[in-house]
Amino acid sequence: MSGASLISRFDALLSDLDGVVYAGPHAIPGAVEALRQLAGIDVGLGYVTNNASRTPAQVAAHLRELGAPAEDEQVVSSSQAAGELLAGLLPPGAKVLVTGSPALAHEVELVGLTPVHSAKDNPVAVVQGFNPEIGWKDLAEASYVIAGGALWVATNTDMSIPQARGIAPGNGTLVAAVAAATGQRPLVAGKPEAPLFRTAAKRLTSDRPLVVGDRLDTDILGGNNAGFATVAVLTGVDTRESILAARTAERPDYLINDLSDLYRPYPAVEEHDGGTFRCGAASAVVRGEAVHISGLPGDLDSWRAACSAWWTANPQEDAPLAPAIEWLTH
C-alpha cells in the first residue's frame with residue numbers, strides 16, 4: 001500500500017452532487033469537510049450535476065449554505081448542456097417548450113432561444129428536465145409537441161434521485177413516460193455524455209481530474225466516456241453488489257466508502273498465481289460463475305479484490321453480470 005492519498009494522484013476533483021455531497025437538503029456526513037480539504041492540497045474542485053431544477057448559481061448557493069466551497073462557475077449543470085445543444089440545432093429565437101423548472105427556462109433564454117409552456121405556442125422543440133412540480137398536464141403538453149415531430153432534448157435520464165427519505169423517481173422516469181406515449185426518444189444533453197465533464201475540467205485547467213459519483217450509469221460512465229479516472233462512492237444509489245456486477249463501460253477505477261477516503265492511501269490490487277487477486281488483507285478468486293472472497297463483507301478491500309478478479313475474468317460485458325459470492329471468513 002502506498003503512503004500517498006488517493007486524491008494526491010490528481011489535480012482536480014469533479015464531483016457529482018446528489019448522493020455524493022448531499023441527499024435532499026442535507027449534507028452527507030463528512031462530505032463538506034472532505035471538499036474543504038482540497039484547497040489545502042492545491043487540488044481543484046468542480047461540481048458536475050444532472051439536476052436541472054436549479055441554476056448553477058442556486059446550486060452553488062445551496063452548497064455554500066451547507067458549508068461546502070462553491071463559486072457559481074464551479075458548477076456545470078445538465079441544463080447548461082441542454083441549452084448549448086439546442087442552440088446548436090435551432091435558429092436564434094426559436095420557440096422551445098420547457099418541461100421543467102424556471103432554471104431550465106433561464107438557460108434556454110441565455111442561449112438566445114424563446115421558452116414557452118404550451119403546445120398552443122407552436123414550439124419547434126421540447127426540452128425536458130427534472131422539476132418536482134411537474135404533473136400530468138406538463139407531460140401531456142410535451143407529448144403533443146413531440147408527437148407532432150418536434151426536436152426533443154432531455155437534460156438527463158437518471159431513473160432515480162437520492163432524497164433524505166430514500167430513493168425517488170428521477171427525470172428519466174418522466175422522460176420514459178413521454179417516450180412511452182409518443183414512441184420517440186430524446187437527445188440527451190447531460191451525463192453520461194462526455195462534454196459535461198470536459199467542460200468542468202477545462203474550467204479548472206485540469207489535466208488529471210478524478211470524477212467521483214454514486215451512480216454507474218451517469219457519473220462513472222460519463223467520466224469513463226470523457227477519458228478521466230473514476231471513483232465510485234457508496235453514499236448514494238449504487239452498492240458494492242451492483243458495482244461488482246457492472247458492465248464494462250460503467251466500471252470505476254476506484255471504490256471508496258465516502259469522500260473522506262480520498263485522503264487515505266488506496267491499496268494496490270495485485271494478481272498472484274492461480275488468478276488470486278489480493279487487496280490489503282483480503283483476496284478473491286473466480287471459480288466458474290462465482291467469486292470466492294477471503295475477507296470480511298464489511299471490509300472494502302474484499303470488494304476491491306472481488307471486482308478485480310471478476311472484471312479480469314469477464315473483460316467485455318455489455319450488460320450487468322452478477323456473480324455468486326462465496327465468503328471465506330475463517
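Ile161 stands opposite Ala168 in strand 11, and Ser160 is set against Pro169 of that strand, in a model that is predicted. These pairs belong to strand 10 (residues 160-163) and strand 11 (residues 166-169), which run antiparallel and are joined by four bridges, with a hairpin of two residues leading from strand 10 to strand 11. The wider setting is a protein whose secondary structure comes to 10 helices and 20 strands, and the points below take up its overall dimensions, two open sheets, one helix with its buried residues, and two individual residues.

**Overall dimensions**

- The radius of gyration of the protein is 21 Å, close to the 20 Å that the globule rule gives for 330 residues, and the protein is therefore as compact as a globular protein of that length.
- Measured out along the principal axes, the C-alpha trace spans about 70 × 45 × 35 Å.
- Of the 330 residues, 53% count as buried, while the area that the protein exposes comes to about 14,300 Å², of which carbon and sulfur atoms supply 51%.
- Among the contacts with a separation of 6 or more, 67% are made by residues 24 or more positions apart.

**The five-strand sheet**

- An open sheet with parallel pairing is formed by five strands in the order 7-6-8-9-12.
- Strand 7 (114-116) and strand 12 (187-188) stand at the edges of this sheet, and because each has a single partner strand, one side of each is left without a neighbour in the sheet.
- Within the sheet, strand 8 (residues 125-128) pairs with strand 9 (residues 151-154) in the parallel sense over four bridges, and Val127 stands opposite Val153 of strand 9.
- Helix 5 (residues 136-147) packs on the sheet, where it touches strand 6 (95-99), strand 8 and strand 9, and its direction makes about 145° with that of strand 6.
- Helix 6 (residues 171-182) lies across strand 8 and strand 9, and runs at about 160° to strand 9.

**The six-strand sheet**

- Six strands make up an open sheet in the order 5-4-1-13-14-15, again with parallel pairing.
- The edges of this sheet are strand 5 and strand 15 (254-256), each of which pairs on one side only, and the twist from one strand to the next averages 25°.
- Strand 1 (residues 12-15) and strand 13 (residues 209-213) run parallel and are joined by four bridges, with Leu14 standing opposite Val211 of strand 13.
- Helix 7 (residues 195-203) lies across strand 1, strand 4 (44-49), strand 5 and strand 13, and its course is at about 160° to strand 5.

**Helix 4 and its buried residues**

- In helix 4 (residues 102-110), the buried residues are Ala103, Leu104, Ala105, Glu107 and Val108.
- These buried residues pack against helix 2 (56-65) and helix 3 (78-89), and also against strand 6, strand 7 and strand 8.
- An α-helix has 3.6 residues a turn, so residues three or four places apart point the same way.
- Helix 4 is followed by Gly112, a residue whose phi is positive, near 90°.

**Two buried residues, Ser77 and Asn314**

- Ser77 has its place in strand 5 (residues 75-77), and its relative accessible area is 1%, so that this residue counts as buried under a cut-off of 20%.
- The side chains of Ser77 and Ser79 are joined by a polar contact of 2.7 Å.
- Leaving aside residues up to four places away in sequence, Ser77 touches Thr49, Asn51, Pro56 and Leu196.
- Asn314 lies in the loop between helix 10 (300-313) and strand 20 (324-328), and because its relative accessibility is 14%, Asn314 also counts as buried.
- With residues up to four places away in sequence again left out, Asn314 touches Thr248, Arg251 and Leu321.

Note on methods: Residues are numbered from 1 along each chain as its sequence is written. This is a predicted model: local features need pLDDT of at least 70, side-chain atom pairs count only at pLDDT 80 or more; totals for chains, interfaces and linings use all residues. Side-chain values use heavy atoms; hydrogens and water are left out. Buried means under 20% relative accessible area, exposed over 50%, partly exposed in between (1.4 Å probe, protein chains only). A polar contact is a pair of N or O atoms within 3.5 Å; within protein, one must be able to donate a hydrogen and the other to accept it, and residues adjacent in sequence count only if both atoms are side-chain atoms. Contact means heavy atoms within 4.5 Å. Two strands pair if DSSP finds at least two bridges between them. Axes are lines fitted to C-alpha atoms, for helices over the stretch in contact, and angles run from 0 to 180 degrees between N-to-C directions. The radius of gyration is taken over C-alpha atoms; the globule rule is 2.2 Å times the number of residues to the power 0.38. Accessible areas come from the Shrake-Rupley method with a 1.4 Å probe; for residues, only the protein chains shown count as cover.
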